[in-house]
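Work through the exercises below with the sequence and the structure at hand, and try each task before reading its solution.

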Amino acid sequence: MAKKNSIKLFEDKLVRSVWDEEKEEWYFSIVDVIEILTDSSDPKQYIKKMRSRDEELNSNWGTICTPLQMIGKDGKRREIQAANTQGLFRIIQSIPSKKAEPFKQWLAKVGAERLDQLQDPELSIKQGLEDYRRLGYSDDWINQRLKSIEIRKDLTDQWKGHNVEDGVQYAALTDIIYQAWADKTAKEYKKFKGLKKENLRDNMTNEELVLNMLAELSATSITKTKNPQTLEENAKCAHEGGTVAAVARRELESKTGRSIVSPLNARDYFEAQIESKKEQFYLPVRNFILGTGLSFGFSNEKLRIPYKDSYFVIDQLYYHIPSRRNVLLRILRKNLTQKEKEEFKEQIQFFNAKDKREEENNAVGLLFIIGEKQVSIEYVIPDGNEQSVEKLGLPTSKEFDSFLQKSLADLRMN
């Protein structure tokens, strides 16, 4: 059965889902639904107890529950217990939740939206765009990816019309295209990027996506022109299409002096983009802090600190001279959540235990939040310190704000 993974939102909470094109219905992650309706900290345990309480539900669980491949919270695909709308309605009957009725209405709305998308493909494109954004992809990458899906569909339509069978033969021709321009089969390419079951195209950089689009677009045009009738003839067209992209790749690599085929996966790539964006902030932020006259000295940039089994990187490290105190700076585009602040506190405390000199006072954290319309500064004070910035001998946020007004043009960046 043809399926399409997606993510839905109910009251700002994620529900993993799969659309079954043959049955024309959604299947939803049961554990996600239970977590939302019960606010349980251990939804899997809740499901076990619920089944033990409801014998009829337990006896029909095999009919209600369908194991399906979905993307886990760690970004990896795995088998998840899922149920269609009818199955979820039966499960909801065993949950004493005030949220049940609104959730039923939400399920009906989601089903109607998908049927609308089948009638109007533009709605599907909009939905795909929203789903990629929720996963953290940039708008530039999303636009490329959606275009690549369209180009891939044109190619597979050509294969279908030229006697190529879906499945193994599609995969074989795809491998020929990859090998022609990237010198790797799909399996080798995924291994190179450290992927397992993740989608290869979802883990390509913009440059890789564009070259693969060129290869598949070229293969489509050549197939239309040469009208191949056998798998061998189609394979030749696929190779010629990949060769067009290979020429472009070699030319680009000769100009840039680096390989376009990258081991970066999506997570690494966008983290690198964020770090690159942060680089733009370092100089104006440093100039601002040192220029306030609030007795700060610049100590270190991008200091790497071992932490637990990994490490963390301080954006910049300053020394506040009067209080003999290190200030660990984090530059952000958004406010930290409470959980993220607690993690930052842990990192500061780790720094105090491992890297602070004996004669120094405990370090504190400083969040420099650069938004599109405003810049704000706030302290993160680790446990064990007095909670008053003034008592710690540091400038207050208000003191910083008075200087900020003069520096907004330099600090606000798109």
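A nonpolar core is a set of buried Ala, Val, Leu, Ile, Met, Phe, Trp, Tyr and Cys residues joined through side-chain atoms within 4.5 Å. The model used in these exercises is a predicted one.

**Exercise 1.** Find which residues have the most contacts inside the largest nonpolar core, and which helices supply at least two residues of this core.

*Solution.* Begin with the core itself, which has 26 residues, and in which W159, I177, W181, Y189 and M204 have the most contacts. Next, turn to the helices: α8 (139–161), α9 (168–182), α11 (206–226) and α12 (231–256) each supply at least two residues, and α9 gives the most, with six. Then take W181, which, leaving aside neighbours within four places in sequence, is in contact with residues including Y189, M204, L211, A245 and V261.

**Exercise 2.** Describe how α11 and α12 pack, beginning with their axes.

*Solution.* The axes of α11 and α12 come within 7 Å and cross at roughly 145°, and the crossing in which α11 passes α12 is right-handed. Among the residues that meet there are L211, A215 and I222 in α11, and G242, A245 and R249 in α12. Sorted by character, the residues of this contact comprise eleven nonpolar, five polar and four charged.

**Exercise 3.** Decide whether I331 is buried or exposed.

*Solution.* First locate I331, which is found in strand β8 (residues 325–332). Buried means under 20% relative accessible area, and I331 counts as buried because its relative accessibility is 1%.

Technical notes. Residues numbered from 1 in each chain as written. Predicted model: local features only at pLDDT ≥ 70, side-chain atom pairs only at ≥ 80, totals over all residues. Heavy atoms only, no water. Buried < 20%, exposed > 50% of the residue type's maximum accessible area, 1.4 Å probe, protein only. Helix = DSSP H or I, 4+ residues; strand = E, 2+ residues; numbered from the N terminus. Contact = heavy atoms within 4.5 Å. Axes fitted to C-alpha atoms, helices over the stretch in contact; angles between N-to-C directions. Left-handed = near helix turned anticlockwise from the far one by under 90°. Nonpolar A, V, L, I, M, F, W, Y, C, P; charged D, E, K, R; others polar.
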